[in-house]
Amino acid sequence: MFVIFFRTIILYLIIVLGLRIMGKRQLGELQPAELVVTILISNIATLPIEDTNVPLIGGVIPILTLVCSEVLVSALTLKSKTARKIISGNPKILIRDGKIDQKEMRNLRFSIDDLMEQLRTNKVFNIQDVAFAIVETTGKLSIYQKFDSQNVTASMLNLTARPGDEAPPAIIISDGKVIDDSLKYCNLRQEWLDKTLKQNGYDSPKEIFLMTCNREANYTIVKKEKKK
Amino acid sequence: MKRFYFSLFIIALMVALSIFTLNHLYKTKNQLIEKIDSIAFSIQGNDKSAAAQKTKELTDAWKQVEPQMIRYVRHSEIDLITSIVARLEPLLIYQNTSEFMANLNEMRTMVEHVWESEVPNFTNLF
């Protein structure tokens with residue numbers, strides 16, 4: 001039993017290392033090659049875990065080979081447009097100026113239900129509102145709406161940003177612990193934090209569950225609930 | 001680019017490890033087959049004491065290489081060779097020469113099979 005236990009831990013660590021080597025991109029939307037690698041790794045890892053007749057290295061070598069191949073192929077696709085086209089494919093336009101490209105939909109085996117679902121997910125309920133709908137290489141639908149249907153933006157209304165509008169609030173205290181980097185990000189000091197907490201009736205950051213603050217020192221405090 | 005070079009390093013490491021294990025397996029195979037052939041030669045020459053001595057040497061040699069081979073060869077094949085090795089000495093002590101020779105030949109075939117199945121040739125790859 002201990003053999004299986006330790007093998008599982010070792011393979012877990014190797015897979016985590018592998019995913020770290022592949023980078024954050026791997027954890028989000030998957031390109032076809034990345035999906036293949038992810039499926040293969042999950043299958044290969046189970047073999048040496050389940051079957052102690054398989055040497056551990058028989059699982060480690062293929063996992064590391066797949067991870068490294070993925071990194072090398074990613075580097076290749078970064079440099080070469082042709083390689084990118086072969087490995088990841090091209091984005092395809094499904095709707096152009098409110099008109100559906102039915103031939104492209106057949107090529108992609110994209111049903112009308114799939115299309116409508118993706119449109120609704122993007123908060124578009126009328127095809128006529130769509131200027132461009134593009135199926136990305138990850139299979140996700142990106143939509144560019146016609147000008148009449150676009151959400152109003154600050155630039156359309158000629159609004160100027162107020163100070164602090166372009167810097168989102170940061171977490172200053174998380175579950176009783178002060179995050180020094182966030183304090184620095186907000187250009188604030190520990191003294192300000194102590195004073196603010198006192199003003200709000202708290203003696204210590206340990207009493208706070210969550211505190212967020214922006215660069216204008218506008219803060220929100222959520223008190224920690226007592227354990228029952 | 002850090003990841004790219006790290007991947008290249010890991011690939012180089014894996015290639016080096018594969019070459020090392022293949023080389024280790026080749027040397028082990030040659031060493032074992034030499035001993036097996038020598039034992040068979042002694043039996044054919046009716047030199048039982050020399051065969052007994054060489055069989056002990058073969059058993060010791062196998063005990064030495066088994067823990068190393070188990071790290072990169074499927075355990076089922078190693079287990080089979082281990083069970084054959086365990087039978088050799090008793091068969092010789094009880095003078096069951098025909099069974100002894102059959103087991104010796106089986107061991108030779110298995111050692112060669114392990115080597116052949118690890119070589120990255122066309123048959124093994126496809």
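**Note on chain B, its contact with chain A, and the salt bridges**

1. The contact between the two chains draws 17 residues from chain B and 18 residues from chain A, where contact means heavy atoms within 4.5 Å. This is a predicted model, in which local features need pLDDT of at least 70 and side-chain atom pairs count only at pLDDT 80 or more, whereas totals for chains, interfaces and linings use all residues. Residues are numbered from 1 along each chain as its sequence is written, chains are lettered from A in the order in which they are written, and side-chain values use heavy atoms, with hydrogens and water left out.

2. Chain B and chain A bury about 1,400 Å² between them, with 74% of that area on carbon and sulfur atoms; buried area here is the accessible area (1.4 Å probe) that two parts lose on being put together, summed over both. On the side of chain B, Arg3(B), Met14(B) and His75(B) lose the most area to chain A, and together they account for 34% of what that side buries. Helices α1 and α3 (75-93) of chain B each supply at least two residues of the side that touches chain A, and α1(B) gives the most, with nine residues.

3. What polar pairing does the rule find across the interface of chain B and chain A? It finds zero residue pairs in polar contact, counting pairs with both residues at pLDDT 80 or more; a polar contact is a pair of N or O atoms within 3.5 Å, and within protein one must be able to donate a hydrogen and the other to accept it, while residues adjacent in sequence count only if both atoms are side-chain atoms. The count of salt bridges between chain B and chain A is likewise zero, a salt bridge being a side-chain nitrogen of Lys or Arg within 4 Å of a carboxyl oxygen of Asp or Glu.

4. Chain B itself has five helices and zero strands, these being DSSP runs (helices H or I, at least four residues; strands E, at least two) numbered from the N terminus. Of its 126 residues, 35% are buried, where buried means under 20% relative accessible area, exposed over 50%, and partly exposed in between (1.4 Å probe, protein chains only). Among contacts in chain B between residues at least 6 apart in sequence, 65% join residues at least 24 apart.

5. Over all chains the structure holds six salt bridges. One of them pairs Arg108(B) with Asp37(B), whose closest N and O atoms are 2.8 Å apart; this pair links helix α4 (residues 97-118) of chain B to helix α1 of chain B across 71 residues. Arg108(B) also meets Glu112(B) in a salt bridge (3.0 Å, N to O), and these two lie four residues apart in helix α4 of chain B, about one turn of the helix. Salt bridges that share partners thus join Asp37(B), Arg108(B) and Glu112(B) into one network. Each member is partly exposed, with relative accessible areas of 33% for Asp37(B), 23% for Arg108(B) and 27% for Glu112(B).

6. Lys29(B), which is placed in helix α1 (residues 2-44) of chain B, deserves a separate look. The residue is buried yet has no salt bridge, and the nearest side chain of opposite charge, Glu112(B), is 5.7 Å away; Lys and Arg count as positive and Asp and Glu as negative, with His and the chain ends not counted. Leaving aside neighbours within four places in sequence, Lys29(B) is in contact with Val111(B) and Trp115(B).
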